[in-house]
Amino acid sequence: MAERISEIFNSFQDFLSNEEEIREEIRTNVRDLEKTARDIMMILQNIHNENNFEENIIVSKYCTMARELFENVRKSYAALAKIVPKDQYYRFHDHWRSVTQKLCFLASLVIYLEVKVLVSKETVAEMLGVQNNREDGFHLDLEDFLMGLLQLSAELVYIIYCMSVVASHLYVMFQSRFAVNSVTNGDYNRPIEIARFVNELIAGFRLLNLKNDNLRKRFDSLKYSVKKVEEVVYDLSIRGLKPSPSPVVQETE
């Protein structure tokens, strides 16, 4: 009997040891992902700190640099896909959940800066080097993608809020952001563009029946922040800084 019990618990120990090895390998790759995410963020922050620049050239430069680092992201996720046992994705998902959400945010920010559109889940999955659909293997979880978009919304709301501070001359030493520099360079149209994009994105989230606690809490907090966007647009309007629609030129016969 004693030998039988010993065999059983030795098998348990083997299982626990093997799982700990898997988790340690996962943690190593996740640390690499976190470092790369920080590096990408630092690169994109350079956009906010440029003064008197050619916007398209600067954006293209730093977005290209950021995209190059996404190659490291793809390698790390490829390594994770080999480590995580088949059909056990969600057993270990908590290890990379946070960094994946951050990378979804960074990928969506790159796309917005480049072409001013909302990125698709498929495109983000491609940038990360993972599958788009769960049934295809190691994939991009929908909740992680949505959390990344909410982070994008929060960042853009913050950009607009910074712009309002500069426009009102309330806090001269405020940290520079992209929209702030746009205003100091006379580009009052950018905050309007950002405000329109954020409101359309929030409208899209309102179509979802969010029951997940984390998504719901993040979305609810963002809804209150969006009021700042409306205040900025109003402030630009009363100051006469809001760009007027371009007049339609009628051709003469």
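Is Y77 buried or exposed in this predicted model? At a relative accessibility of 2%, Y77 counts as buried, because the limit for a buried residue is a value under 20%. The legends below describe close-up views of this residue and of other sites.

**Figure 1. The aromatic pair of Y77 and F138.** A total of 7 aromatic pairs is counted in the predicted model. In one of them, Y77 and F138 adopt a tilted arrangement, with ring centres 6.2 Å apart and an angle of 50 degrees between the planes. Y77 belongs to helix α2 (residues 55-83), whereas F138 is in the loop between α5 (121-128) and α6 (142-168), so the pair ties together parts that are 61 residues apart in sequence. F138, like its partner, counts as buried, and its relative accessibility is 13%.

**Figure 2. The aromatic pair of Y112 and F197.** The rings of Y112 and F197 form a tilted pair, for which the distance from centre to centre is 4.6 Å and the planes are 45 degrees apart. Distant parts of the chain are linked by this pair: Y112 is located in helix α4 (residues 94-115) and F197 in helix α8 (residues 189-206), with their positions 85 residues apart. Y112 counts as buried at 2% relative accessibility, and F197 counts as buried at 10%.

**Figure 3. A cluster of aromatic residues.** Y77, Y89, Y90, W96 and F138 are joined into a cluster by ring pairs. Y77 and F138, the tilted pair of Figure 1, are both members of this cluster.

**Figure 4. The surroundings of T36 in helix α1.** T36 is a residue of helix α1. With a relative accessible area of 8%, T36 is buried, since this value is under the 20% limit. A polar atom of the T36 side chain is 3.0 Å from the backbone oxygen of D32. When neighbours within four places in sequence are left aside, the residues in contact with T36 are L69, N72 and V73.

**Figure 5. The surroundings of R23 in helix α1.** R23 is part of helix α1, which spans residues 2-49. Beyond the residues up to four places away in sequence, R23 touches R91, F92 and H95. The C-alpha atom of R23 is separated by 9.0 Å from that of I83, a residue 60 positions apart from R23 along the chain.

Technical notes. Residues numbered from 1 in each chain as written. Predicted model: local features only at pLDDT ≥ 70, side-chain atom pairs only at ≥ 80, totals over all residues. Heavy atoms only, no water. Helix = DSSP H or I, 4+ residues; strand = E, 2+ residues; numbered from the N terminus. Contact = heavy atoms within 4.5 Å. Buried < 20%, exposed > 50% of the residue type's maximum accessible area, 1.4 Å probe, protein only. Polar contact = N/O pair within 3.5 Å; in protein donor to acceptor, adjacent residues only side chain to side chain. Phe/Tyr/Trp six-rings, centres within 6.5 Å; stacked < 30°, edge-to-face > 60°.
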